[in-house]
Amino acid sequence: MFRRARYHLAVFFAVIGPGFITAMVDNDAGGIFTYSQAGAKYGYLPLWTLLPITILLIVTQEMCSRMGAVTGKGLSDLIREEFGLRTTFFMMAALVAANLTNVMANFAGVASSLELFGLSRYVTVPLASVAVWLLIVKGSYARVEKIFLFATALYVCYIISGVLVKPDWKEAAIYSVRPVLMLDPGYITMLIGMVGTSVAPWMQFYLQAAVVEKGVTAKEYAGSRIEVIVGCIAMSVIAFFIIVACAGAIHSVKPQDINDATDAALGLKPFGDAAYLLFSAGLFNASLFAACILPLSTSYTVCEGLGFEAGVNRSFREAPIFYWLFTGLIAIGAGVILIPGFPLVRMILASQVINGILLPFVLVFMILLVNKQRLMKKWVNSPFYNAVAWVSVVVLIGLTLALIAISIRDMIR
Amino acid sequence: MAEQYLFLTELLGLRVHGLRGRVLGRVSDAALVPVVHPVRIDRLFIGGAFTWLTVRQEQVRKISIDGIFLDDENLTPFYPDESVLRLEQDLLDQQIIDAQGRKVVRVNDVTFEIVQEAGHDVLMIREVDIGLRSVFRRLAQGVLPRRMIRRLQSRIAPNSIGWEHCSIIEPDPQRRLRLNISTSLIEKMRPADLADIVEELSPEDREALITAMEPEAAAEALSEVEPDIQAQIIESLEAERAADILEEMDPDEAADVLGDLEDETSEEILEEMEDAPKAEVEELLEYDENTAGGLMNTEFVAVHQDARAADAIEAVRSQPDLADGLTTIFLTDVDGRLSGFMPVTRPLLARPDTLLSELSPEEPVTAHVRDKASRVAELFDKYNLLSLPVVDDEGRIAGAVTADDIIALLRRK
């Protein structure tokens with residue numbers, strides 16, 4: 001009897017993890033910057049977008065984790081099997097390019113957040129990159145996941161710093177549900193940026209692979225679905241507090257543009273060292289966390305899709321491409337941060353463009369795959385779900401294309 | 001003289017010429033009929049306006065990189081056929097098992113040898129290509145001329161697997177049979193290697209593979225698989241099949257697997273098991289996994305303390321299943337309580353009529369069925385044991401824990 005009770009507990013804990021981690025990593029250095037900027041410039045007005053963002057995120061993430069649980073295969077595997085090598089190759093090339101710049105952005109986040117504590121980037125970035133490499137290569141999956149789950153808990157920093165700023169809760173509540181549209185180009189750009197950065201191609205690949213790695217089965221999938229939903233909501237809650245903190249601390253004093261997430265942290269300083277330190281610590285945690293997951297996820301996805309051996313439980317000789325890719329992403333991603341005058345902002349804009357080009361393909365392939373009876377059996381989308389999914393995808397694609405246009409405009413300006 | 005090989009990527013899209021040199025169409029797919037010939041391409045399919053046409057191998061006169069020339073133009077329309085292995089559809093981009101390299105690989109391309117047979121050319125499958133060279137070939141095909149690709153690719157190291165070492169993964173058991181896919185290659189692998197492969201497959205493929213194998217081989221492989229995947233596989237099988245496999249496993253392992261399943265499923269499977277193994281497994285199911293009772297096996301060799309060497313050898317002979325790994329013989333008193341033990345080599349080396357008591361049996365070291373697993377491991381370490389008897393409340397031997405159980409236990413932590 002004792003064993004049976006444990007069985008059910010084990011099922012619950014077995015599924016907690018992938019969905020939560022993926023949603024949290026979505027709030028990486030880039031995400032935090034976007035939300036901080038929104039709050040600093042427009043106060044509480046953008047809060048309403050979080051609800052539709054959550055829904056979009058849930059719809060896309062749910063399909064991926066369902067595919068992972070039912071087929072037991074990663075998204076890149078499925079794309080390879082159903083759409084061939086050439087399609088896969090170009091998607092993977094784009095993914096590597098986009099994720100490389102994402103890794104850069106996150107090492108930049110590590111550097112600037114620790115500079116707020118007075119530590120030089122020439123010390124912190126090399127240390128952080130070695131630490132990331134060792135953690136992934138030498139750590140077992142179970143231990144690494146525990147560390148990741150701990151990192152997601154540290155996002156609480158943002159909630160606390162949001163509270164410490166003593167924002168106007170009544171206004172925050174009102175604008176969370178009252179959509180405000182203005183024909184101000186800056187405002188529209190910001191809205192598009194918020195949605196566009198919330199659903200990224202790598203997340204779909206990572207989540208599905210993580211669900212497979214975890215061994216979640218179709219039977220246990222109900223638990224996974226709840227976890228995905230809870231994860232997406234948690235992600236929005238964090239985003240809410242970031243916006244609120246910046247709205248309360250910066251916008252209510254004087255609405256302004258900020259240039260990176262550390263500006264936001266500095267803006268919190270008048271509200272006490274605690275708020276400022278927590279915000280900076282949160283940025284460090286988020287950046288380092290994403291810097292761990294992105295190279296790993298990218299190498300896995302690419303090697304699986306193209307049929308090379310992958311996995312940290314293999315030796316360097318068995319999986320050379322996996323290790324070179326992984327090491328290269330970290331080395332280049334961290335290395336460029338140390339080059340004085342490197343056009344980082346331009347690279348990040350370029351990354352948004354590549355991500356934006358890739359995302360429509362990923363989403364459309366996902367819907368096509370999740371509707372294949374042969375793969376998904378009785379777990380294909382229902383007609384209603386399909387309608388919701390297609391609408392979400394079309395909205396996402398539309399907004400992403402707009403984001404591409406904006407990014408290109410900023411790049412050539 | 002032309003090169004006597006051809007790649008599947010080159011074959012697809014190759015022009016098929018009729019009797020007077022007119023182009024009839026391009027190759028869309030090629031197929032093997034395994035029941036007819038294991039490696040010879042039996043038919044080619046060429047694209048038509050509304051349906052494909054089938055070219056049988058005996059209708060082909062000449063095959064080269066420049067085209068295919070027929071000496072019989074009576075082509076029949078294509079009909080889907082379950083006993084045909086279509087290379088483009090069923091093999092390319094799919095996973096197969098490399099029995100020699102002991103891993104799961106994804107097929108990038110297939111290498112044929114062009115062989116003269118009764119005056120016409122036929123294609124024989126020789127190798128399945130994986131690795132970078134074949135990726136390059138796939139990507140460049142249709143972009144660069146075929147001969148140029150051959151020249152360029154020679155700079156990249158080849159990576160191929162002989163067709164004779166490949167085992168196709170086909171989830172549908174009916175189709176497996178029609179395609180004449182045998183499991184003999186796989187069954188020849190070491191169980192531990194096979195287990196690694198099983199863990200890498202998707203749940204559906206795992207089930208297919210285990211179902212296709214002989215219960216004994218399946219049981220051996222399954223005992224090496226991670227516990228949660230073990231449970232998943234057994235759960236997915238028909239109760240009768242699952243019972244067959246569990247009967248072949250060591251009772252303690254079978255009990256562990258059943259203990260991880262839901263009540264209903266494990267009872268269903270127990271019901272299908274034969275009486276003798278069923279009784280042993282049921283007995284073991286009473287104990288918690290992390291106690292001596294959960295670790296032990298109910299099979300052991302025990303003889304009366306007053307017996308002679310010949311009796312001991314006879315007792316070993318009566319338990320042939322145990323003979324391979326047997327290290328220790330237990331001695332019991334009149335009531336069946338443990339009184340001592342000795343290495344199995346002692347009675348073997350002694351004269352047959354020697355009394356066992358004269359062979360200086362050791363004082364018994366025992367664990368109680370409800371002792372913690374960690375305590376059992378301590379005893380093994382302290383006394384350098386290979387086998388430890390486990391006794392019940394009356395002091396009678398209930399089973400024995402062996403060193404391999406302890407290694408598995410320590411690895412699990």
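**Two chains, an interface and a few buried residues**

I'll start with B:Asp90, which lies in helix α2 of chain B, residues 87-91. Before going on: this is a predicted model. B:Asp90 has a relative accessible area of 16%, and the cut-off for buried is under 20%, so B:Asp90 counts as buried. Its side chain is joined to the side chain of B:Gln89 by a polar contact of 3.0 Å. If we set aside residues up to four places away in sequence, B:Asp90 touches B:Val84, B:Leu85 and B:Arg175.

Staying in chain B, the next residue is B:Asp109. This one sits in strand β12, residues 109-117. Is B:Asp109 buried or exposed? It is buried, and its relative accessible area is 0%. Which side chain does the side chain of B:Asp109 meet in a polar contact? That of B:Arg137, at 2.8 Å. B:Arg137 also appears in the contact list of B:Asp109, which leaves out neighbours within four places in sequence. The other entries on that list are B:Phe7, B:Leu8, B:Thr9, B:Leu92, B:Val128, B:Asp129 and B:Ser134.

Now the interface. Chain B puts 35 residues into the contact and chain A puts in 28 residues. The area buried between the two chains is about 2,500 Å², and carbon and sulfur atoms give 43% of that. How many salt bridges are counted between chain B and chain A? Seven. One salt bridge pairs the side chain of A:Asp77 with that of B:Arg106, with 2.5 Å from N to O. As for polar contacts across this interface, the rule finds ten residue pairs, with both residues at pLDDT 80 or more.

On the chain B side, several elements each supply at least two residues to the surface that touches chain A. They are β11 (103-106), α3 (132-140), α8 (203-212), α10 (227-236), α12 (251-259), α13 (263-272) and α14 (275-285). The largest share comes from α3(B), with four residues. By residue type, the chain B side divides into 13 charged, twelve nonpolar and ten polar.

Over to chain A, and a glycine. A:Gly231 is in helix α12 of chain A, residues 221-251. A:Gly231 is buried, with a relative accessible area of 0%. Apart from neighbours within four places in sequence, its contacts are A:Gly19, A:Phe20 and A:Ala23. For a sense of distance, A:Ala245 is 14 residues from A:Gly231 in sequence, and their C-alpha atoms are 21 Å apart.

Last topic, the aromatic rings. Over all chains, the structure holds 18 aromatic pairs. A pair of this kind is described by how far apart the ring centres are and by the angle of the planes. Take A:Tyr300 and A:Phe322: the ring centres are 5.4 Å apart and the planes are at 65 degrees, so this pair is edge-to-face. The two residues are 22 residues apart and link distant parts of the chain. A:Tyr300 is in helix α14 of chain A, residues 273-306, while A:Phe322 is in helix α15 of chain A, residues 320-335. Are they buried or exposed? Both A:Tyr300 and A:Phe322 are buried. They also belong to a cluster linked by ring pairs, together with A:Phe316, A:Tyr323, A:Trp324 and A:Phe326.

Note on methods:
Residues are numbered from 1 along each chain as its sequence is written. Chains are lettered from A and ligands numbered from 1 in the order in which they are written. This is a predicted model: local features need pLDDT of at least 70, side-chain atom pairs count only at pLDDT 80 or more; totals for chains, interfaces and linings use all residues. Side-chain values use heavy atoms; hydrogens and water are left out. Contact means heavy atoms within 4.5 Å. Buried area is the accessible area (1.4 Å probe) that two parts lose on being put together, summed over both. A salt bridge is a side-chain nitrogen of Lys or Arg within 4 Å of a carboxyl oxygen of Asp or Glu. A polar contact is a pair of N or O atoms within 3.5 Å; within protein, one must be able to donate a hydrogen and the other to accept it, and residues adjacent in sequence count only if both atoms are side-chain atoms. Ala, Val, Leu, Ile, Met, Phe, Trp, Tyr, Cys and Pro count as nonpolar, Asp, Glu, Lys and Arg as charged, and the others, Gly among them, as polar. Rings of Phe, Tyr and Trp (its six-membered ring) pair if their centres lie within 6.5 Å; planes under 30 degrees apart count as stacked, over 60 as edge-to-face and the rest as tilted. Buried means under 20% relative accessible area, exposed over 50%, partly exposed in between (1.4 Å probe, protein chains only).
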